[in-house]
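Here is a short note to read beside the structure. It takes the points one by one.

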Amino acid sequence: MAVRKLTAERPRPGPEGPGVRPDVFLKLYEKMLRAYFVEEQCRVFVRAGKCSFYASARGHEKVQIAISMLLQPGKDWFFPYYREKALMVGLGMPLDQIFLGMLSREGDPNSLGRNMSEHFSSRELRVVSPTACTGTEFLIAVGMAKAIVADGRDEIVYVSGGEGSTSEGEFFEALNKAQHDRLPVLFLIQNNGYAISVPQEQQTHSRLDEVARGFGMRSVRVDGTRFTEMHHTLRPLIDDVRRGKGPLFVEAMVVRIDSHSSSDDQTKYRDPKDMEEARRKDPLAHTELRIREMRLLNDREIEEWRARVRAEVEEAARRVDALPYPDPSTATADIYSPDRVVVEEGDPAPVSDKPITMVEAINHGLSEEMKRNPKIVMWGEDIQDPKGGVFGVTRGLTDAYPGRVVNSPLAEATIVGAAQGMAIGGYKPVVEIQFGDYSFPGFMQMRNEIPTLRWRSGSAWTCPMVVRVAVGGYIRGGPFHSQTPETLYAHTPGWYLAYPSNAADAKGLIKTACRMDDPILFFEHKGLYRQVYTKTPEPGRDYLIPFGRARIVRPGDDLTVIAWGRTVHMVQQALSQVAGEAGGEPSVEVIDLRTIVPMDMETVLRSVSRTGKAIVAHEAPMFAGMGGEVAARIADQAFESLDAPVRRVGAKDSFVPFAPNLEAAVLPGVEEIARAIKELLEY
Ligand SMILES: Cc1ncc(C[n+]2csc(CCOP(=O)(O)OP(=O)(O)O)c2C)c(N)n1
Ligand SMILES: [Mg+2]
């Protein structure tokens, strides 16, 4: 391959090397050379159309390799971003693995070809698979650090990003949480002055090291192109992180020598003088100069080192380039765990005759599971005793399980992002989102990070966790305390979604959720929490309900009504109304799905193929709602059995208004369901 010339003039005055052992300096040089030839090889692959995303780390390599030498590979944890090839080289990732990731070839251990190139992952090196989202990694690292502290280990969590990514809100949330809990996190911001084409002064007028200091964090700014300075400054600070003194923030000033990525051309927006200045600070050129000046290697030896490392890189590249792409049949594997955990529904043998509410059912289920599994931890807004949550679901658990049920900051991305990190670290977070309407600050984590982890790492990394979400209207909660966002979440593979309608189901499902190997969303309807009609005798501690198993609420022959959550009860009220008017019970089968994902279509289709008619009733707005999914599947798979169109009843395509009569005008009512039932029975 043709490699570009290094600019070898002395970039800046000042010593590089004193106080650093020659063997350390040579090790740094060798790793930098390896990273350099990997970058050059990647450019060749880009030009040949073999690699469609390439983000050069040229200019960042010294700080990345320095960090790999200051931390303990294999022991410490790494949450990198997409510009960290040199870090991977520094940590000792095999060259074949780097090229397998860059070329997405068969056997790619980073992601089996599913994640983008530049997104490296390795269980052995404790490099956790990143996504392409800027700034999402910070909170996950915080969660991992929580696991380390809970286990009492002396490991450090490294997390990095560019200066642009620090404009994301999650960055600030992560600083706050890490400092609040005094977690062993090393935040490294690699400040190359640009976020694609946007110079830093267009992002912020604040200095990042000062922002971190404002959170009370120990914080330094270093020249990321000079090893000696980093080595001397960071070593003692990193030791302190390991000794439990809390997080450390490092802003490393680096240069971006190449364009942002292979899709970018920096000559279109960067001043030539600015690019020349970056090249003059080239960390590799600078290191070679010092190696010569310090007489660690002479010119001939430098040539030999270069030739040796280059040959090694080119050989690995050739080996990998000879491999095929992954088998297309593997594209959708690893979205869920193959282990169903709970397959058969347990015996609900009640512990007493006294009926309990859904709140009590969930509370007791959680308590039993916490007793059984010491790795279950909980946090959320207000969930700690004495309040025990705004709906009292977790009341008593803080006292029963000291240290395991705590209040979180008022920050939903922190709640779910840190849960993911702690789940990766071997814990089982069961966290609460106070209102489904406020789950959206966490949506980036819940859409792009949590559900993709198992898939994008080929099951190397997983994050079994439960997010309990209070949802639903009819409580006079207005537009921002009444939403039922199951459609938004069900549209994201990787999650299971439960939505119980009564106490026994709630207990059986929450207990199963606590034992499953995947991320679970557990929707709890606020309007059902304490309703008399959701009360049931309490099932015992062995009662587990498998996900994907609907419940036949009542059998019937002439019509099937499919519902979940609160509408299950509304359908029953509607049937009583119809019976009253008709002077006799209609033969209608009511199915409570209980879990939206997986959806038990088998039970639905079996019923519809008998009744020939179906209504889907749900609380969320009709347009693009779950009713459309159920109806489409019935139309597709039971068309021959149908004697009538499949009807849907749902909310108007509106927000939920506050005034009681307006709320009733938007949310579906018993009347509306009764009307649909009558119409279809008569059809
Ligand atoms: C949430 C999100 N928004 C936008 C993007 C598109 N994007 C990718 S990299 C980038 C700039 C990041 O700059 P910086 O954080 O400084 O890192 P650098 O690339 O300079 O190392 C942008 C806007 C993204 N990946 N994620
Ligand atoms: Mg940048």
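1. A definition comes before the ligand. Ala, Val, Leu, Ile, Met, Phe, Trp, Tyr, Cys and Pro count as nonpolar; Asp, Glu, Lys and Arg count as charged; the others, Gly among them, count as polar. The model is predicted. With those classes, the shell around ligand 1 has five nonpolar, eight polar and two charged residues.

2. Which residues come nearest to ligand 1? They are Thr134, Gly162, Gly164, Ser165 and Ala195, out of 15 residues around ligand 1. Two elements give two or more residues to this shell: β2 (157-162) and β4 (194-195).

3. Next, strand β7. It covers residues 248-253, and five of its six residues are buried, so β7 is largely enclosed by the rest of the structure. Strand β3 (residues 185-191) runs parallel to β7 and is joined to it by six bridges. Leu188 faces Val250 of β7 in this pairing. Strand β6 (residues 218-223) also pairs with β7 in the parallel sense, over six bridges. Here Arg218 stands opposite Leu248. Look at the connection too: β6, helix α8 (residues 227-242) and β7 make a β-α-β unit, and the unit is right-handed.

4. Now the seven-stranded sheet. It is open, its pairing is mixed, and the order is β10-β9-β11-β12-β14-β13-β19. Why is one side of β10 and of β19 left without a neighbour in the sheet? β10 (405-407) and β19 (595-597) stand at the edges and have a single partner strand each, so one side of each stays unpaired in the sheet. On average, neighbouring strands are turned by 20 degrees against each other, direction ignored. A helix, α18 (residues 503-515), packs on this sheet. α18 touches β9 (376-380), β11 (428-433), β12 (465-471), β13 and β14 (519-525). The direction of α18 makes about 160 degrees with that of β14.

5. At the β19 end, look at the pairing with β13. Strand β13 (residues 496-498) and β19 run antiparallel, with two bridges between them. Leu497 stands opposite Val597 in β19.

6. Strand β11 of the same sheet deserves its own point. Is β11 mostly covered or mostly exposed? β11 is mostly covered, with six of its six residues buried. Lys428, Val430 and Glu432 point one way from the strand; Pro429, Val431 and Ile433 point the other way. Both sets are buried, the charged Lys428 and Glu432 included. β11 pairs with β9 in the parallel sense over three bridges, and Val377 stands opposite Pro429. β11 also runs parallel to β12, with four bridges. In that pairing, Val431 stands opposite Val467.

7. A five-stranded sheet is next. It is open and mixed, in the order β16-β18-β17-β20-β21. Its edge strands are β16 (551-554) and β21 (647-651), each pairing on one side only. The twist averages 25 degrees from one strand to the next. Within this sheet, strand β17 (residues 559-563) and strand β20 (residues 614-621) run parallel and are joined by four bridges. Val561 has Ile615 of β20 as its bridge partner. Helix α23 (residues 670-682) lies across β17, β18 (588-592), β20 and β21. α23 runs at about 175 degrees to β21.

8. Then helix α4. Eight of the nine residues of α4 (residues 95-103) are buried, so the helix is largely enclosed by the rest of the structure. The buried ones are Leu95, Gln97, Ile98, Phe99, Leu100, Gly101, Met102 and Leu103. What do they pack against? Their partners are α1 (22-47), α3 (85-91) and α11 (299-321). Ser104 follows α4, and its phi is positive, near 50 degrees.

9. Last, a single residue. Gln445 is found in helix α15 (residues 443-449). Why does Gln445 count as buried? Burial takes 20 or more other C-beta atoms within 10 Å, and Gln445 counts as buried because it has 26 C-beta neighbours inside that radius. Leaving aside neighbours within four places in sequence, the contacts of Gln445 are Thr136, Leu139, Ala413, Val416, Gly417, Gln420 and Ile450. Ala418 lies 27 residues from Gln445 along the chain, and their C-alpha atoms are separated by 9.6 Å.

How values were computed: Residues numbered from 1 in each chain as written. Chains lettered and ligands numbered in written order. Predicted model: local features only at pLDDT ≥ 70, side-chain atom pairs only at ≥ 80, totals over all residues. Pairing = 2+ DSSP bridges. Axes fitted to C-alpha atoms, helices over the stretch in contact; angles between N-to-C directions. Contact = placed C-beta atoms within 7 Å. Near = placed C-beta within 6 Å. Buried ≥ 20, exposed ≤ 12 C-beta atoms within 10 Å, placed from the backbone. Right-handed = clockwise from strand over helix to strand, strands pointing away.
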